[in-house]
Amino acid sequence: MEVSAFIARNADIPFALSGSDMALSDAFGRRIDYLRVAVTDRCNLRCIYCMPKGVPSCAAPGTPIEKETLECLLRVAVKQGLRKVRFTGGEPLLRGDIPELVHSAKSLGVADVSLTTNGLFLKDRSRELKEAGLDRVNISLDSLRPERYARLTGGGSVEHVFGAITSAEAEGLSPVKINVVPIRGINDDEIVEFAALTHMKPFHVRFIELMPVGEEGWGTERRISSSQVMKIISASLGRLEPVGAEGTSRNFRLDGSKGFLGFISPMSNHFCGTCNRLRLTTRRTLRPCLFSNEEFSIAGVDSDDDMEAVLRRVAQSKPIGKGCRPSIPLEAMSQVGG
Ligand code: SAM
Ligand code: SF4
């Protein structure tokens with residue numbers, strides 16, 4: 001999209017900052033109110049599409065953000081309109097202090113605090129996280145079959161993930177969202193089973209298009225587009241009724257279902273035009289876009305004024321979206337948080 005067309009389409013988004021409007025926005029007028037925080041690049045799994053062979057689990061191991069710097073960032077960002085934080089990684093539950101980080105975010109005024117996890121350690125920690133202020137969780141689950149799940153993840157137990165889903169639901173970390181990456185020849189025969197879960201439970205089952213990772217761009221030929229996934233589902237389960245978009249997810253429901261189906265299409269239908277997010281990586285850098293190589297360090301930044309200056313620079317460097325489709329394969333996803 002041309003910049004002028006983008007601006008015309010988003011004419012209702014405030015542009016310049018005035019004294020009374022301290023909201024963070026980028027050079028194209030997009031409001032930035034969402035931060036994804038990768039709290040560690042360590043992981044207890046090694047999913048084939050996230051850390052394929054040849055991609056070291058920690059390409060250049062980071063020094064994950066410490067609580068004090070994160071609090072400084074959040075305090076400043078909340079003043080500028082931040083309303084949503086998602087903790088991710090690596091596996092965020094490998095950080096012992098994750099409840100404290102959640103608590104900090106909530107008490108600093110972040111309205112919506114969520115976490116993306118593989119779920120292996122969630123069952124026994126759902127209550128603690130809920131009490132710390134966590135609003136909801138996304139649990140990644142790419143197969144419902146024990147042996148296949150173990151193969152896909154490098155040894156994970158699907159039973160533990162089922163336990164995590166049950167405990168998250170019981171503690172009210174809802175809606176529980178289940179992230180599925182459909183991969184041709186690997187789990188595409190389970191797409192309908194995943195979708196049918198929404199008949200029984202008020203889950204949001206979200207299908208995420210496979211993104212290429214690593215030097216070899218693992219997965220390029222195995223990607224199944226969102227529209228192909230939708231066709232597979234509607235051929236077996238009937239019409240998908242659109243129920244609007246939520247962030248990057250286009251949502252639908254099946255007739256009579258309790259939950260929703262979401263389709264996240266970073267490859268086939270990118271959402272750059274309405275992107276509202278920044279990412280904090282495990283190298284303590286802010287990244288304006290998942291697919292950009294530009295990063296801004298916040299290591300050692302300890303004053304609110306300096307942090308505000310970095311935030312504004314990062315926001316201003318956010319690309320418009322043209323060219324966002326990743327032509328260069330990504331490095332380890334676990335450092336930028338997916
Ligand atoms: N370890 C946590 C987990 O697995 O949920 C959080 C980090 S993981 C990097 C975050 C999300 O990124 C997961 O839902 C995962 O499925 C997704 N992801 C990882 N690699 C991906 C890829 N190559 N393409 C699409 N999604 C990917
Ligand atoms: Fe670990 Fe999550 Fe990547 Fe799987 S997707 S290897 S669980 S960081």
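In this predicted model, helix H7 (residues 191-200) lies across four strands: S5 (177-180), S6 (204-208), S8 (249-254) and S9 (260-264). Its direction runs at about 155° to that of S6.

These four strands belong to an open sheet of twelve strands with mixed pairing. The strand order is S7-S8-S9-S6-S5-S4-S3-S2-S1-S10-S11-S12. Strand S7 (240-246) and strand S12 (296-297) stand at the edges. Each has a single partner strand, so one side of each is left without a neighbour in the sheet. Helix H2 (residues 67-79) also packs on the sheet. The strands touched by H2 are S1 (34-38), S2 (84-88), S10 (277-280) and S11 (285-287). The direction of H2 makes about 175° with that of S1.

Both parallel and antiparallel pairs occur in the sheet. Strand S3 (residues 112-117) and strand S4 (residues 136-140) run parallel and are joined by four bridges. Within this pair, Ser114 has Arg136 of S4 as its bridge partner. S7 and S8 run antiparallel, with six bridges between them. Here Leu240 stands opposite Leu254 in S8. S7 and S8 form a hairpin with two residues between the strands. In this hairpin, Gly247 takes a positive phi near 60°.

Two further backbone features fall in loops. Arg284 is not a glycine, yet has a positive phi of about 60°. Arg284 is placed in the loop between S10 and S11. The peptide bond from Ser174 to Pro175 is cis, with omega near 0°. Pro175 is found in the loop that links helix H6 (158-170) to S5.

The model also contains ligands. Ligand 1 is surrounded by 20 residues. The closest are Tyr49, Gly90, Ser140, Asn179 and Met211. Two of the polar approaches to ligand 1 come from the backbone. A backbone N or O atom of Tyr49 lies 2.9 Å from a nitrogen atom of ligand 1. For Gly90, a backbone N or O atom likewise lies 2.9 Å from a nitrogen atom of the ligand. Asn179 contributes through its side chain: a polar atom there lies 3.1 Å from an oxygen atom of ligand 1. Taken alone, ligand 1 exposes 550 Å², and the protein buries 95% of that area. The shell around ligand 1 divides into eight nonpolar, ten polar and two charged residues.

Ligand 2 has its own set of surrounding residues. These are Cys43, Leu45, Arg46, Cys47, Cys50, Met51, Gly90 and Asn118. By class, this shell holds five nonpolar, two polar and one charged residues. Gly90 appears around both ligands, being listed among the closest residues to ligand 1 and among the residues around ligand 2.

Key:
Residues numbered from 1 in each chain as written. Chains lettered and ligands numbered in written order. Predicted model: local features only at pLDDT ≥ 70, side-chain atom pairs only at ≥ 80, totals over all residues. Heavy atoms only, no water. Near = heavy atom within 4 Å. Polar contact = N/O pair within 3.5 Å; in protein donor to acceptor, adjacent residues only side chain to side chain. Areas by Shrake-Rupley, 256 points an atom, 1.4 Å probe, with all protein chains shown as cover. Nonpolar A, V, L, I, M, F, W, Y, C, P; charged D, E, K, R; others polar. Pairing = 2+ DSSP bridges. Contact = heavy atoms within 4.5 Å. Axes fitted to C-alpha atoms, helices over the stretch in contact; angles between N-to-C directions.
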